[in-house]
Amino acid sequence: MTLTLDRRRPGQADAEAPAQRAPRYRAQPEKIAAGLTLLALVVASVLSLISVDISLPRMTASWENAARFFDRVGVISFPAPGELLYLTALTVGLVLLGTLFAAFFSVPLAWLAAANTSPGRGWMGLARFLGVLARSVPDVVLAMVFVLMFSLGTLPGILAIGIHSIGMISKMFADAIEQIDEGPRLAIRAAGGSRSQEFFAGVLPQVLPSWVATVLHRNDINLRGSVILGYVGVAGLGLEMSYAFKSLNYSLGLGIALVIFALCVVMEIVSSAVRVVMLGQAPTGRGLGDRLLRRLGVTGVTADASHRPWTYARVRNAVWGMLFVLIVVGSVWICDINWGDFLTVWSYLPETAAKFWPPSFGSYTAPVMLAAMGETIAIALAATILTIVASIVVGSLAARNVAPSRRVRSGMRLVLVAIRGIPEIILAIVLIVVTGLGAQAGTIALAIGGIGLLGKLLADSLEEVKPGPEQALTAAGATRLQVYAGATVPQGMKALVGHSFYMLDTNIRAATILGLVGGGGVGYYLLNAGQGSRYDLVTTIVLMILVSVLLVEGLAVWMRRVFR
Amino acid sequence: MPGLTKPLQPPTGSALAAEPVITVRGVTKTFGETTALKNASLTVARGEIVVLLGLSGSGKSTLLRHLDGLDRPDTGTVTVLGATVSRLTGRPLRALRGRVGFVFQQFELVGPLTVLENVLTGALFRVRGPRLGLWGYRRELKLAALGHLERVGLLAHAYQRADTLSGGQQQRVGIARALMQNPDILLADEPVASLDPESSAQVMALIREIAIDSDLTVVCSLHQVDLALSWGDRIVGLRHGEVVLDTSTQGLSKQNVMEIYGRVTTSTGELDAIETEIGTVEQNEPEEPVEPDEPDEQDELDLQTFASARDNRR
């Protein structure tokens, strides 16, 4: 035994002894099963990568395609300025109203779904089920249905975005409620407050920052997703773009794609600015609003103790608040909602429902449809594994406690923001149009888009691990890499597994939607069925997607439980 | 008592005859506005068991962190085991840290890992490259780790997750991890401040026993005078980052310590504070350079982190 342990502890002659007395390491059967499932998923993902045929020669070949393509397209063109402005405002307004619709209805749903506020287990189950249902049905499918039921215009889009978003927003609202400090609520109850008083005074103030962040985040997602709604007839930039590509006017199509990309980046910047303004605990007093107010000569004046003084912060918040109301009113105005539809829609309801039921495979056979669904899942798996590998590198380097220097961290964070700004559907459309590759282009688009999300989630999770153990390892003389592997990764592992399954879940739905624009898989059939009025087939496809997503969700719940 | 009238004088006795393993000379350290250490000096001989005594914020933790190179002095020098800590970087620094075990107030175990893996992380400075899981460590390292676990009485828990243990047990794992380094010096920063009285007694007894068995030099910060008197060989008192007391515990009574604090205390408010502190048996006191007690709960997923505005505030 080379170790100095024996020298230090003369009483312990035989170093083997404690090993014999130690309990045997027993892996729990459930852990083994979960590990094998994970392994199987990884193998399936690698096989999917091979089946989607992502390889360097293929990519260089498509690069040459791209060069030829751009030679043909020539100059990128845009719609007329007035029209462009209108379309942009319409798209933003529609998305904003959809998100607000979802936020409004998510509040009661979240209250029912959160374990600590729910009036009963039955209500909780129902609310959670509704949330999962809303999340599982792609907004494109909802838009298809609503386009049938409502007159053309913005309402189908608003409702599709709204109802689909309820799924995610209500879940995150409920999570926020479950994480509150119960003390204040208890204090209000102890003081004789009613249930609603408890909610508005005890719960709401605590969850509001998190809720605002959720809504802003969802709004960004919805803006990026709104493009695809154009393909099923919802007004806005997406519709114009789909028209342009369908009429082979590539220069206009690419121009609109560029506009959407710019819009998404701007929205990302605006929403992060709003987050800082609304959620920053200490206002800096150096923001745009503050400077404006100072120039106008508004200062903090205290007049009467019974009124809250109009301080900088209050004036600024009031101004921002009014601006927000104006934007919402403007959105309603520009969307030109046909309110009468809400009365007439009910008469169409039975008729529409009858079109979608019972589900059938239509003119296709079951194996064809299952193979198409399989291809969608393969695209999702291949994209997810690529995303995970890239995100572990980028996300780790973007975490403050892992990055070797501040500069590396900021650089990586910038990369992540830039990637998040690109709507993956635009990336996919451009890749498909440009390189002419179906499943391959879709996979690459999803994989790149995923890095923006997973990389950020991972970086945040790594930054949130307890710093103490990392420091303990440093104190024991470990290198940076050893600290990363020994303290940071084990603490962040659970989050990585959870985020990865969330990514897979997102990717299955996204892969379906990519099919609509020619990215391969079941989405192609979905679009055809919708346009060919084969709504029973639409139902079948939606059910297949639902089953896949629920399967992944179930797996994720199981994994999170096993790998606590 | 001659030693007490001049508190700044080093202690007399046999300890001084031995070679010094820790020498701190005139170290000053500031964090922004606050001065954590003010011209602090300290010499510790091999095999000594020294208690750093002081209120929260008196600079105990900062001094300990300087000894392991976790903090660097603004001025002054820190020499540990013959090396000038403040000048070391990279591999020599890690090699020195390997010879100095550190026990933390909040244990700082990697919660999701097993107890055995946590102990093995104490051997990281001896291996090259990162380690994921148990299979990354050589068999003799694993046997040694099991031996240390038996020493702290936790062999039966070797394959249990670290965060399923009680506080006292976790601290014993922390001690085993430090022992895994085969250290020459053991530093302990308020090792029992987060524990109940019974676990405290166990842990303190264990540290002393191991120190004597393995001939370790120990520097341990505490804030309870009673415990410091009964446990240490020598007491170094800190106040506002200055060393105000340095004496052997032999023949020293609580009354003496109180007198010394009384003599150097300028305002009666501070005196009250000290009395309150001394009267407190157990108190959880975070010191400013050390992170406050983080809530253990690592939120399970997911979307929530995404929504968290924290990132945007950075």
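**Exercise 1.** Place L248(A) of this predicted model in its secondary-structure context, describe its phi angle, and decide whether the residue is buried or exposed.

*Solution.*
Step 1. L248(A) sits in the loop that connects α11 (237-246) with α12 (250-279) in chain A.
Step 2. Its phi is positive, about 60 degrees, although L248(A) is not a glycine.
Step 3. Count the neighbours: 9 other C-beta atoms fall within 10 Å of L248(A). A residue is exposed when this count is 12 or fewer, so L248(A) is exposed.

**Exercise 2.** Carry out the analysis for D215(B): which elements flank its loop, what is the sign of phi, and is the residue buried or exposed?

*Solution.*
Step 1. On one side of the loop is α7 (197-214) and on the other β8 (217-222), both of chain B.
Step 2. The phi of D215(B) is positive, near 60 degrees, and the residue is other than glycine.
Step 3. D215(B) has 10 C-beta neighbours inside 10 Å and therefore counts as exposed.

**Exercise 3.** Determine how strand β3 of chain B is covered and which strands it pairs with.

*Solution.*
Step 1. β3 spans residues 49-53, and five of its five residues are buried. The cut-off for burial is 20 or more other C-beta atoms within 10 Å.
Step 2. Split the strand by face. I49(B), V51(B) and L53(B) point to one side, V50(B) and L52(B) to the other, and with all of them buried both faces are covered.
Step 3. Take the β8(B) partner. Five bridges link β3(B) and β8(B) in the parallel sense; within this pairing V51(B) is bridged to C220(B).
Step 4. Take the β9(B) partner. Strand β9 covers residues 234-239 and runs parallel to β3(B), with four bridges between them. Here L52(B) stands opposite V236(B).

**Exercise 4.** Summarise chain B: how many helices and strands does the chain have, what share of its residues is buried, and what share of its contacts with a separation of 6 or more is between residues 24 or more positions apart?

*Solution.*
Step 1. The chain contains 12 helices and 10 strands.
Step 2. Of the 314 residues in chain B, 48% are buried.
Step 3. Among contacts with a separation of 6 or more, 71% are between residues 24 or more positions apart.

**Exercise 5.** Find which residues of chain A UniProt lists for "domain: ABC transmembrane type-1", and give the helix and strand content of residues 88-271.

*Solution.*
Step 1. The UniProt entry, which is unreviewed, lists residues 88-271 and 373-556 of chain A.
Step 2. Over residues 88-271 the model is 84% helix and 0% strand.
Step 3. The end C-alpha atoms of residues 88-271 are 17 Å apart.

How values were computed:
Residues are numbered from 1 along each chain as its sequence is written. Chains are lettered from A and ligands numbered from 1 in the order in which they are written. This is a predicted model: local features need pLDDT of at least 70, side-chain atom pairs count only at pLDDT 80 or more; totals for chains, interfaces and linings use all residues. Helices (H or I, at least four residues) and strands (E, at least two) are DSSP runs, numbered from the N terminus. Two residues are in contact if their C-beta atoms, placed from the backbone, lie within 7 Å. UniProt positions are given in the numbering used here, feature names are shortened, and annotations may be inferred rather than shown by experiment. Two strands pair if DSSP finds at least two bridges between them.
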